2 protein chains.
Amino acid sequence: MIVWINGRRVSTIDHRDRGLQYGDGLFETMCVRRGAVRLIDYHLDRFQQGCRRLQIEAPPERQLRDELGQAAALRVSGVIKLILTRGVGARGYRPSGRERTTRILSIAALLRAQGRSNDQAVIVRMCRMKLGINESLAGLKTLNRLESVLARSEWRDKRIMEGLLRDADGNIVCGTMSNLFLRRGNVLMTPLLDRCGVAGVMRRWVLTQAPRLGLKAALRRVSLQDLQGAEEVFLTNALSGPISVGEIRHGNQRLRPALMATAAALRERLDQL
Amino acid sequence: MIVWINGRRVSTIDHRDRGLQYGDGLFETMCVRRGAVRLIDYHLDRFQQGCRRLQIEAPPERQLRDELGQAAALRVSGVIKLILTRGVGARGYRPSGRERTTRILSIAALLRAQGRSNDQAVIVRMCRMKLGINESLAGLKTLNRLESVLARSEWRDKRIMEGLLRDADGNIVCGTMSNLFLRRGNVLMTPLLDRCGVAGVMRRWVLTQAPRLGLKAALRRVSLQDLQGAEEVFLTNALSGPISVGEIRHGNQRLRPALMATAAALRERLDQL
């Protein structure tokens, strides 16, 4: 792993950084293919939206693009993580407004599981943990990720690739590190992320592709019944692209969506990017 | 400020620390009086509960007490902050179980506002931000504090000391950095913290004192009507002790609880600790 903090080749941060003290910051995890960041515009867009909503000053876009480009050029394929915190602050929750942000950019090899862009369907499970509803933070990829950590700690079985999370009202929202799509007929459903969850860049890309595959995209509250009625289920994240779900474990129940064609068609389109 | 990280006089942490990456950790903010940590047993108790619930290995209690005692002995009065993170981890939300925790202990002077142990009543406001409901994290003082940061960013008026937070269902839960008590007759009410909020050590101490003041403690869901019907309202936190609330601003509404006797009696008892 190579890391730059505020453009310098160091690897430690001040313990007073609000990123550590309060999780006061954002991050992006990006896929590098052929020396470039895939879906970079979507990543930068979400990143800047997050900065606006947290009232953190975003670095100039030009600078971000330069730094990301230089890092990506170091590898044929890999993963870039960009963290931005509000920076070192005085004590207390309220930002003074005079903090200087901390920018942590790292590039590493893809993990084997992340490199997958294949046709094998995965097994997922329903998590017990429920996502808290907070409209102020919904959709953002903030550094407050304890819910994901605890949900991902619920199982150790390596054959289970992901866990699905519900909100306090029982709606299915997303995976611990992925977004969820259900297809039934020509309707491609994905959960609304206005109350919790992270709005993934790959989710956004899939939504742009739906019409080209003859599908009608529908952003909705998704129930367990919707999941049971789906003909095809797949997950998305920035690194792996669309991944077909072959089995969903919920207590003793086993759902086995029969189809995988949409995810396969999307992977093909993604490979052409 | 003096800081020790894992017992050494350094002040930076590895950028891969899960405390920064995910807010995967806990903290305690403790009041030092006459060279000792006030309510140290309650702090250690909550800290260890938090470790259990996050499945983070707590440092041995003997070691914590030694380190806290040595730090506290450096000052007649002050504030100690103890942060414990799960430590540096591999990539991905799931802890491997092999992480070694990071322990950050710092001691500093009390800020002027924190030193207050006086009879002046403060002004508080109702925040717009709603707390997310998550039973897995409720009550804990985790490093995921963006809700507090955003709530505390809602106002800049220095005369307003604190903001009150409601959950998604409209129940009043706590302040951004304090717990809430309402008294009506001989009933001392404080919001239940089983779904969100931080269970403060000073709140716990106040609950132990209620019978001695002839009050019946009641942990309940607290509504705006309860607040309107309260004869006395006060806030607690580990540093300031009980603080009387003289005015609550909610839109154009102004609530002015008439009484301050319970908070005053509690402060007197606290000073004798």
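A:Ala238 turns out to be buried in this predicted model, since 25 other C-beta atoms sit within 10 Å of its own, and 20 would already be enough to call a residue buried. As for where that puts it along the chain, A:Ala238 belongs to the loop that links β13 (232-237) to β14 (241-250) of chain A. Leaving aside residues up to four places away in sequence, its contacts are A:Thr29, A:Met30, A:Cys31, A:Leu39, A:Gly200, A:Val201 and A:Met202. There is also A:Leu111 to look at: 127 residues separate it from A:Ala238 in sequence, while the C-alpha to C-alpha distance is 13 Å.

Next comes the sheet of chain A. Here 5 strands line up in the order β1-β6-β5-β3-β4, forming an open sheet with antiparallel pairing. At the edges are β1 (2-5) and β4 (36-37) of chain A, each of which finds a partner on one side only. For β1(A) that partner is strand β6 (residues 102-108) of chain A, with 4 bridges holding the antiparallel pair together. Within this pair, A:Val3 faces A:Ser106 of β6(A). Helix α2 (residues 40-54) of chain A packs on the sheet, where it touches β3 (25-33) and β4 of chain A. Its direction and that of β3(A) make an angle of about 175°.

Chain B has its own open sheet of 5 strands, again written β1-β6-β5-β3-β4 and again paired antiparallel. The edge strands in chain B are β1 (2-5) and β4 (36-37), each with pairing on one side only. Looking at the β4(B) end, strand β3 (residues 25-33) of chain B pairs with β4(B) through 2 bridges in the antiparallel sense, and B:Arg33 is found opposite B:Ala36 of β4(B). Helix α2 (residues 40-54) of chain B lies across β3 and β4 of chain B, at about 175° to β3(B).

How do the two chains relate? A turn of 180° with a shift of 0.0 Å along the axis lays chain A on chain B, at an RMSD of 0.0 Å. So what links the copies is the relation of a two-fold axis. Both copies use the same surface, too, as 100% of the contact residues of chain A recur in chain B.

The contact itself draws 40 residues from chain A and 40 residues from chain B. On the chain A side, the elements giving two or more residues are β1, β2 (12-14), α1 (18-22), β7 (122-131) and α5 (146-152). Of these, α5(A) supplies the largest share, with 6 residues. By residue type, the chain A side splits into 18 nonpolar, 14 polar and 8 charged. Strand pairing also crosses between the chains: β2(A) runs antiparallel to strand β2 (residues 12-14) of chain B, and 3 bridges join the two. In that pairing A:Ile13 stands opposite B:Ile13 of β2(B).

That leaves the nonpolar core. In soluble globular proteins, nonpolar side chains tend to be buried together. The largest nonpolar core in the model counts 151 residues, and the members touching the most others are A:Ile80, A:Leu165, A:Leu182, B:Ile80, B:Leu165 and B:Leu182. To take one of them, B:Ile80 is in contact with B:Met30, B:Val32, B:Val37, B:Leu68, B:Ala71, B:Ala72, B:Leu105 and B:Ile107, once residues up to four places away in sequence are set aside.

How values were computed:
Residues numbered from 1 in each chain as written. Chains lettered and ligands numbered in written order. Predicted model: local features only at pLDDT ≥ 70, side-chain atom pairs only at ≥ 80, totals over all residues. Pairing = 2+ DSSP bridges. Contact = placed C-beta atoms within 7 Å. Axes fitted to C-alpha atoms, helices over the stretch in contact; angles between N-to-C directions. Least-squares fit on C-alpha atoms with pLDDT ≥ 70 in both. Core = buried A, V, L, I, M, F, W, Y, C linked by C-beta atoms within 7 Å. Buried ≥ 20, exposed ≤ 12 C-beta atoms within 10 Å, placed from the backbone. Nonpolar A, V, L, I, M, F, W, Y, C, P; charged D, E, K, R; others polar.
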